[in-house]
Amino acid sequence: MFTLLGNVISDLLDSIFSPFENFKCERDDCVASSEESTHKENDEEPIFGEVTHLNPFEQYGLINEEFYFKLSLAAGEHLTLNTKVLFRLQPTGRQVRELSVLPAPPPSNMVAKVTKVGIRCLHLLDVATPAPLLVGFDPKFKVCSGDWLRLDFDLRTGSVCGVEALRSKELVGEVTRLTAGGGIINQQIAFSAEQWPSDAPQPRVGLQVTVRAIESDQGNLTWRALSVEPYMEEAAATSPPSPVIQNDVAEHNNNLFAVPDGLDVPGVIDFGQLKPGQSHTVQLCITNTTDRPHLLLACRLHCTSKQVALANAFKPFMIASGGSHSLDLVCTASELGACHEKIELEFEEGFSAHCVASVSVVDPLEQRLQPTSVPLPATKKAQSTVAATLRNRLWTVPGERFPMRQAKLPEGLPHFPVSAAFWSLSPQELENTVSGSLHQPLCPENYVEKLQLLLHLEEVQLSRELEERVLCPALLKLEGHVVRLSLASWLEEAQFPPRVGDRVVVQPVQSVSNQQISYEGFVHQVMSDDALLRFSATFNEELLK
């Protein structure tokens, strides 16, 4: 009886509290709630922000100084401060649950070196992808590998829409070397045979030329010529004595209207001698003695070194008859040497007047140590060895340089070359010249001067030691395309052996006094007792004979 009653109560309780039905209902409610929550979160609009704080040690960051996120949400992304992101937040709190990094916008401009010129694109140093040229845009000059350029980009397409040489210069130079593919001007500017005018006489060593060059990494040379023309002394005699104006004679002849008589513009604005970092202001005065007014529309400064600029923003000005107008020009010295900057004044009638701003930037130490008179040596010095004889030869056949990558800075730095008078002084004369500066007590005012002087003396001494490193006779052996030079005599005298990249000049011993040609080679490998050199193919043929 009790068993029957217990079964009835058990069935009754099962019908009232069914665990399976309750569990089923709770599970369905949970799934529905989760799906509804997920759908609601996916419909939430992402928020735009930028990274304001990063902690790589604790592996977290902040967005907009307010929202916390873990760095694991952006695994593989390059996050920096100010990186633009899109993110979604957790339902509660200020923690980020989803994060997307927006691509960085293309730069509006940049300075870079060209490593390769492709089809309508430029490969740039330290840039992963090539920079395409904008459709319809062509640079004003032929771009080559090694050129340092200032590039402007189109913000909409990211293509190059402007190309300008980082630094350029125009000068009258001298051909110092001829090569198979062209030549070298002033030992620093390379030009190709295609750039030489076809109607001009053949180039030769010593010929003066007018050259326009840009900064370009051409091996051991840092400038590349854009145009080369033989320098005509007859044409230069009729123009002002300025290399800038000589290069622009053709441009002046193309003006449709000449400057009227009575409108006076000085031909040269002289800033005098300045020290590096020093500034000086000079007025450019324009006088109108004509019978009518003239409207000055623009003032353009064609400055290659960027040392001369207008002191104030330019505004068009009407110069009345009998009146005058002055422009303030400021020069900030930054590059040593003489500099001539062209200034163009454009008037409403269509003509332009030109003048030249001249400045000479001198090294204060070099100016101070310049001797008043350098006595000529009575006898030939012992240091005038065979090396000096070979160096002064008229013809030198260039050899094959060792490929060495040199770091080039995008912006020029001030340099302080050794005074030209130092090289011609004997050790005793040099000591007498600089002894006063060296014996002064060291103080903050003369620290830079004394350090620079010591560096100059060290360079002069090293150069003289190099001149004495002469092998006569030198044992050479041709092995394929390389020449083996024995260093036994050098090592016996405890002299330092040559290094890779050093330049070597050789000449046949049997005709030192009459031979008018020498051969240039470069060290490509240094071994225990020998050095492997590379010369031109002509020297290899002569060595076989």
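Two strands count as paired if DSSP finds at least two bridges between them. With that criterion in hand, the reader may turn to the structure above, which is a predicted model, and begin with one of its sheets.

Strand β16, residues 263-264, is joined to strand β18, residues 279-288, by 2 bridges, and the two strands run antiparallel. Within this pairing, D264 faces T287 of β18 across the bridge. Strand β18 is in turn paired with strand β22, residues 324-332, again in the antiparallel sense, and here the pairing extends over 9 bridges. One position to locate along it is Q283, which stands opposite D328 in β22. Strand β22 also pairs with β20, in the antiparallel sense and over 3 bridges. In this pairing A309 has V330 of β22 as its bridge partner.

Taken together, these pairings give an open sheet of 4 strands in the order β16-β18-β22-β20, with antiparallel pairing. The edges of the sheet are formed by β16 and by β20, residues 308-310; each has a single partner strand, so one side of each is left without a neighbour in the sheet. As a general principle, the strands of a sheet pair through backbone hydrogen bonds, either parallel or antiparallel.

Strand β18 also contains N288. This residue counts as buried because its relative accessibility is 0%, and the limit for a buried residue is under 20%. A polar atom of the N288 side chain lies 3.1 Å from the backbone oxygen of I319. Another asparagine may be considered beside it. N55 lies in strand β1, which covers residues 47-55. With a relative accessibility of 16%, N55 likewise counts as buried. The side chain of N55 reaches the backbone nitrogen of E58 at 3.1 Å.

The aromatic residues offer a further way through the model. The structure holds 6 aromatic pairs. One of them is formed by F67 and F87, whose ring centres are 5.3 Å apart and whose planes meet at 45 degrees, a tilted arrangement. F67 belongs to strand β3, residues 67-70, and F87 to strand β4, residues 84-89, so the pair ties together parts that are 20 residues apart in sequence. Both F67 and F87 are buried.

A second tilted pair consists of Y519 and F539: the ring centres are 5.1 Å apart and the planes stand at 55 degrees. This pair links distant parts of the chain, since Y519 lies in strand β29, residues 517-526, and F539 in helix α12, residues 537-544, 20 residues apart. Y519 and F539 are both buried. They also belong to one aromatic cluster, formed by Y519, F535 and F539. Elsewhere, an aromatic ring is met by a charge: the charged end of K169 sits over the ring of W223, 4.2 Å from the ring centre.

The cysteines can be examined next. A disulfide is, in general, a covalent bond between the sulfur atoms of two cysteines. A search of the whole structure finds 0 disulfides. C355 illustrates the reason in one case: the closest cysteine sulfur to its own is that of C299, 7.5 Å away, which is too far for a bond, given that a disulfide requires sulfur atoms within 2.5 Å. C355 is buried, with a relative accessible area of 1%. C443, by contrast, is partly exposed, with a relative accessible area of 28%.

The position of C443 falls within a span that UniProt, in an unreviewed entry, lists as "domain: Helicase MOV-10 helical", residues 433-463. In the model, this span is 74% helix and 0% strand, and the C-alpha atoms at its two ends lie 19 Å apart.

The last stop is a loop. V500 is found between α11, residues 488-492, and β28, residues 503-506. With a relative accessible area of 35%, V500 is partly exposed. Although V500 and Q525 are 25 residues apart in sequence, their C-alpha atoms are 5.8 Å apart in space.

Definitions and conventions:
Residues numbered from 1 in each chain as written. Predicted model: local features only at pLDDT ≥ 70, side-chain atom pairs only at ≥ 80, totals over all residues. Heavy atoms only, no water. UniProt positions renumbered as here; feature names shortened; annotations may be inferred. Buried < 20%, exposed > 50% of the residue type's maximum accessible area, 1.4 Å probe, protein only. Phe/Tyr/Trp six-rings, centres within 6.5 Å; stacked < 30°, edge-to-face > 60°. Lys NZ or Arg CZ within 6 Å of the ring centre and 35° of its normal. Polar contact = N/O pair within 3.5 Å; in protein donor to acceptor, adjacent residues only side chain to side chain.
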